[in-house]
Amino acid sequence: MKIKVKKEEFIRMIQRAQGIVERKSTMPILSNILLETSSAGVDLSATDLEVGFKDCCSAEVMVEGVTVISGRKLYEIIKELPEEVIDLWSEENKWLKIQAGASEFKIVGMNKEDFPAIPTAVESQLLTLSSQLLREMIRKTIYATGESDTRYVLNGICLNVITKEGNLILDMVGTDGHRLALTTRALEGMKVEEQKFIIPKKTMAELRKLIDEKETANVSIGFNKNHILFRISEMLLSSTLIDGTYPNYHQVIPKENEKVVTAVREKLLSSLKRVSILAREKTNTVRIDIDKSRMMLSTESETGEAKETIPVDYQNEPLTIGFNARYLIDALQVIDGEMVRVELKDSQSPCLIRGSEDEGYIAIVMPLRL
């Protein structure tokens with residue numbers, strides 16, 4: 001392989017793959033990317049066996065070929081080169097030579113036959129969404145998704161396409177068993193079959209990064225037996241699906257939380273951030289005492305104690321309840337609108353949080369014993 005590429009486009013393509021390339025894998029091949037010449041110029045592939053990524057950029061191809069090379073080392077070298085045009089060529093002994101101006105590097109590669117195949121075939125086309133909509137749904141749910149949970153299905157985001165009263169509805173859900181985030185959107189003008197997928201958290205985090213870069217692009221979603229595929233312009237992100245039964249999230253949505261607190265979102269959020277500084281690190285517990293016109297947040301630990309009061313609207317009997325402050329902060333940070341509505345039942349039951357201008361989004365948080 002021998003190609004000439006422009007640094008700006010080439011480095012952008014390699015950078016997109018950095019979150020997928022495994023840096024501490026027991027399989028050394030997974031720390032590499034595959035570069036292959038094509039009609040478009042040069043194609044890139046990266047995978048950690050769970051998430052796969054394909055991209056391309058324009059290049060002047062002098063000799064066709066393929067090379068498998070360290071993704072991190074290639075990125076670090078290209079990033080530091082001052083020249084705008086870079087020459088790359090691979091030799092028969094698997095070395096990749098990089099030359100730009102007075103700079104010259106050689107990196108040892110690996111066998112292309114050892115590089116895992118990345119699924120690209122779509123058996124069924126699910127739907128096409130605007131990148132803005134998909135990014136917003138991921139932002140509002142990924143924070144509540146499990147991390148290395150023994151209940152493996154909780155380590156993924158549930159994407160559920162359902163039909164309700166003749167309308168097509170898309171639910172996206174994240175939960176770790178202590179909190180839950182659900183965002184719901186109507187899909188007007190679309191006709192697809194009902195489907196339910198559990199997608200790894202890492203996949204959705206990488207998808208969000210790609211969407212952030214391609215704000216105006218639509219995202220085409222397809223799937224086959226074991227994989228879901230997202231196409232954004234020339235980029236393809238594929239992922240294995242988590243096998244299992246996702247919890248019935250509709251069952252855990254509180255139906256009898258009649259004690260309603262209305263507060264200015266930013267005031268509640270800022271107060272929680274300040275008070276939680278002195279909360280116990282392990283539980284991050286904050287005590288909340290609610291009366292008709294005020295909410296007092298307090299905490300104490302071996303490092304000190306904190307107390308703060310904010311005005312609220314509340315028309316029920318006084319209530320004392322405890323929460324992990326981090327869970328409340330995470331939920332409040334993604335809510336849109338000036339006002340927030342916190343719906344409660346008692347000190348042992350989960351609370352439900354809604355935004356005044358955030359229709360279709362709810363957060364549920366389990367309380368802590370004080």
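Student: How many residues of the lining of the largest pocket are nonpolar, how many polar and how many charged?

Tutor: The lining divides into 6 nonpolar, 5 polar and 6 charged residues. Ala, Val, Leu, Ile, Met, Phe, Trp, Tyr, Cys and Pro count as nonpolar, Asp, Glu, Lys and Arg as charged, and the others, Gly among them, as polar. This is a predicted model, in which local features need pLDDT of at least 70 and side-chain atom pairs count only at pLDDT 80 or more, while totals for chains, interfaces and linings use all residues. Residues are numbered from 1 along each chain as its sequence is written, and side-chain values use heavy atoms, with hydrogens and water left out.

Student: What makes a space a pocket and not a cavity?

Tutor: Both are sought on a 1 Å grid over the protein atoms alone. A cavity is a set of points where a 1.4 Å probe fits but cannot get out, whereas a pocket is an open set with protein on both sides within 12 Å along at least five of seven lines. A residue belongs to the lining if it has an atom within 4 Å of a point.

Student: What is the volume of the largest pocket, and which residues lie nearest its centre?

Tutor: The largest pocket has a volume of about 390 Å³, a volume being the space filled by probe spheres set on grid points that are joined across faces, edges and corners. Its lining has 17 residues, with Lys164, Asp171, Leu182, Thr184 and Gly360 nearest the centre. Two or more lining residues come from each of β11 (156-164), β12 (167-175), β13 (179-186), β25 (351-355) and β26 (361-365). The largest share, 3 residues, is that of β12.

Student: Which elements give two or more residues to the lining of the second largest pocket?

Tutor: The second largest pocket holds about 270 Å³ of space. The elements in question are β19 (285-290), β20 (294-301) and β21 (304-311). Such names follow DSSP runs numbered from the N terminus: helices are H or I with at least four residues, strands are E with at least two. By class, this lining has 3 nonpolar, 4 polar and 5 charged residues.

Student: What makes two strands a pair?

Tutor: Two strands pair if DSSP finds at least two bridges between them. β19 and β23 have 6 bridges in the antiparallel sense, so they satisfy that condition. One such bridge joins threonine 285 to asparagine 324 in β23. Strands of a sheet pair through backbone hydrogen bonds, either parallel or antiparallel.

Student: In what order do the strands β19, β20, β21 and β23 stand in their sheet?

Tutor: These 4 strands form an open, antiparallel sheet in the order β21-β20-β19-β23. Its edge strands are β21 and β23 (319-324), each pairing on one side only. From one strand to the next the twist averages 20 degrees.

Student: Which strands does helix α5 lie across?

Tutor: Helix α5 (residues 265-275) lies across β19, β20 and β21, at about 170 degrees to β21. Helix α6 (residues 325-334) packs on the sheet, touching β19 and β23, and its direction makes about 85 degrees with that of β23. Contact means heavy atoms within 4.5 Å. Angles run from 0 to 180 degrees between N-to-C directions, with axes fitted to C-alpha atoms, for helices over the stretch in contact.

Student: How many residues of the lining of the largest cavity are nonpolar, polar and charged?

Tutor: The lining has 13 nonpolar residues, no polar and no charged ones. The structure holds 1 cavity of 30 Å³ or more. The largest cavity has a volume of about 100 Å³. Closest to its centre are Ile288, Met295, Phe323, Leu328 and Val342. Elements that give two or more residues to this lining are α5, β19, β23, α6, β24 and β25.

Student: How many residues lie between β24 and β25 in their hairpin?

Tutor: There are 6 residues between them. β24 and β25 run antiparallel and are joined by 4 bridges, so they count as a pair. One bridge sets glutamate 343 against leucine 352 in β25.

Student: Why is one side of β5 and of β9 left without a neighbour in the sheet?

Tutor: Their sheet is open and antiparallel, with 5 strands in the order β5-β1-β7-β8-β9. β5 (60-63) and β9 (103-108) stand at its edges with a single partner strand each, so one side of each has no neighbour.
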